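The following exercises concern one protein chain. Study the sequence and the structure, attempt each task, and then read the worked solution.

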Amino acid sequence: MLPDLSKLKQVEHPELLLAQAEPFLELMMKYHCAVMEVETKIKILNEEFSHKNQRNPIESIKTRIKSPASILEKMNRRDIPFDIEHMEKELNDIAGVRVICSFPEDIYDVARLITEQDDIVILQIKDYIENPKSNGYRSLHLIVAIPIFLSSQKKNMKVELQFRTIAMDFWASLEHKVKYKKDVENPEYIAEELRKCAESIAQLDLRMQEIERSTNPTTTCDL
C-alpha cells in the first residue's frame with residue numbers, strides 16, 4: 001500500500017520514503033517507458049534524416065526523469081495534494097526529453113514531424129523562442145501524451161519535450177549554474193549581462209542559419 005503522502009511534509013527525508021513506495025515506483029516505470037517511446041521516435045527520424053538529407057538537424061537527445069526530491073519540492077511549492085493521482089494529473093514535466101538541434105528552423109521542423117505522428121497528442125505548447133522569458137531563456141516546450149503498451153494495458157503518459165539549438169542549450173546550462181550560486185555580488189548586473197548574452201546568442205543562431213542556407217540552398221528537413 002502507498003504510505004500516507006499527506007504526512008510526507010513532516011518526514012525528515014520524504015523523498016526517500018516516496019522512492020520506496022511501490023505505486024510510485026510503478027508510475028516512474030511508466031514514465032521511463034514513455035521517455036523511451038519518444039526517444040525512439042526521434043532516433044528513427046534521425047536515421048531517416050541521415051539517409052535522405054545532406055545534413056542531420058538533430059545534434060543530440062537527452063532524457064531525464066524527475067527525482068523524488070524534485071517531485072516533492074514542486075508539489076509542495078504548488079500546494080498540490082501529496083498523492084499519486086494528483087502527481088500524475090498536475091505535474092507535466094516528470095518525464096522529459098530534450099532535443100538539441102543545429103538551427104532554429106530545425107527545431108520547428110523536427111517538432112512538427114514528431115507531433116504529426118498519429119499516436120501523439122499535443123497537450124500544451126510554450127514557445128520561448130518567439131516569446132523569450134524575461135531572463136533571456138529560449139526554447140520550444142511541448143507537453144505531449146504518448147501511449148505505452150504494457151502487458152495488461154495501454155496507457156497514455158505525459159512527456160515534456162524541449163527543443164533547443166546548441167547555443168540555446170549552452171546559455172541555459174551556464175545560466176542555471178550562475179543562478180544557483182550563493183552570495184553573488186551585483187545580481188541585477190549579472191541578470192542583465194545574461195539577458196544580453198541570450199540576445200547575442202539568438203542573433204548568432206540566425207546568422208549561422210543564414211550561412212547554412214547559403215551553402216546548402218536546396219537542403220530541407222522535410223521527409
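A residue is called buried under 20% relative accessible area, exposed over 50%, and partly exposed in between (1.4 Å probe, protein chains only). The structure is a predicted model, in which local features need pLDDT of at least 70, side-chain atom pairs count only at pLDDT 80 or more, and totals for chains, interfaces and linings use all residues. Residues are numbered from 1 along each chain as its sequence is written, and side-chain values use heavy atoms, with hydrogens and water left out.

**Exercise 1. The chain as a whole**

State how many helices and strands the chain has, and what share of its residues is buried.

Solution. Step 1: helices (H or I, at least four residues) and strands (E, at least two) are DSSP runs, numbered from the N terminus. Step 2: by this count the chain has seven helices and five strands. Step 3: read from the N terminus, their order is α-α-β-α-α-β-α-β-β-β-α-α. Step 4: the chain has 223 residues, and 42% of them count as buried. Step 5: a contact means heavy atoms within 4.5 Å. Among the contacts between residues at least 6 apart in sequence, 68% join residues at least 24 apart.

**Exercise 2. Salt bridges within a helix**

Determine which residue pairs with Lys52 and which with Arg77, and classify the accessibility of each partner.

Solution. Step 1: side chains of opposite charge can pair when their charged atoms come close. A salt bridge is a side-chain nitrogen of Lys or Arg within 4 Å of a carboxyl oxygen of Asp or Glu. Step 2: Lys52 forms such a bridge with Glu48, with the closest N and O atoms 3.2 Å apart. The two are four residues apart in helix 2 (residues 22-52), which means that about one helical turn separates them. Step 3: Lys52 is exposed, because its relative accessible area is 53%, whereas Glu48 is partly exposed at 27%. Step 4: Arg77 pairs with Glu73, at 2.9 Å from N to O. Both lie in helix 3 (residues 68-77), four residues apart, about one turn of the helix. Step 5: Arg77 is exposed, because its relative accessible area is 54%, and Glu73 is partly exposed at 43%.

**Exercise 3. A salt bridge between elements**

Explain which parts of the chain are tied together by the pair Asp93 and Lys74.

Solution. Step 1: Asp93 and Lys74 form a salt bridge, the closest N and O atoms being 2.8 Å apart. Step 2: Asp93 is in the loop between helix 4 (84-90) and strand 2 (95-101), while Lys74 is in helix 3, so the bridge ties together parts 19 residues apart in sequence. Step 3: Asp93 is buried, with 12% relative accessibility, and Lys74 is buried, with 15%. Step 4: in the whole structure, a search finds 19 salt bridges. A network of salt bridges links Lys62, Arg98, Arg164 and Asp169.

**Exercise 4. A buried arginine**

Find the nearest side chain of opposite charge to Arg138, and the polar atom pair that involves the side chain of Arg138.

Solution. Step 1: Arg138 lies in the loop between strand 3 (121-127) and strand 4 (140-149). Step 2: for charge, Lys and Arg count as positive and Asp and Glu as negative, while His and the chain ends are not counted. Step 3: Arg138 is buried yet has no salt bridge, and the nearest side chain of opposite charge, Glu199, is 5.6 Å away. Step 4: a polar atom of the Arg138 side chain lies 3.0 Å from the backbone oxygen of Gly136. Step 5: not counting residues up to four places away in sequence, Arg138 touches eight listed partners, including Tyr128, Arg164 and Glu199.

**Exercise 5. Two helices side by side**

Describe how helix 6 and helix 7 are arranged, and place Val178 in this arrangement.

Solution. Step 1: two packed helices are described by the angle between their axes and the distance between the axes. Axes are lines fitted to C-alpha atoms, for helices over the stretch in contact, and angles run from 0 to 180 degrees between N-to-C directions. Step 2: the axes of helix 6 and helix 7 (residues 187-215) come within 9 Å and cross at roughly 170 degrees. Step 3: angles under 35 degrees count as roughly parallel, over 145 as roughly antiparallel, 65 to 115 as roughly perpendicular and the rest as oblique. Helix 6 and helix 7 are therefore roughly antiparallel. Step 4: residues making the contact include Trp171 and Val178 of helix 6 and Ile190 and Leu194 of helix 7. Step 5: Val178, in helix 6 (residues 166-179), is partly exposed at 29% relative accessible area.

Note on methods
A polar contact is a pair of N or O atoms within 3.5 Å; within protein, one must be able to donate a hydrogen and the other to accept it, and residues adjacent in sequence count only if both atoms are side-chain atoms.
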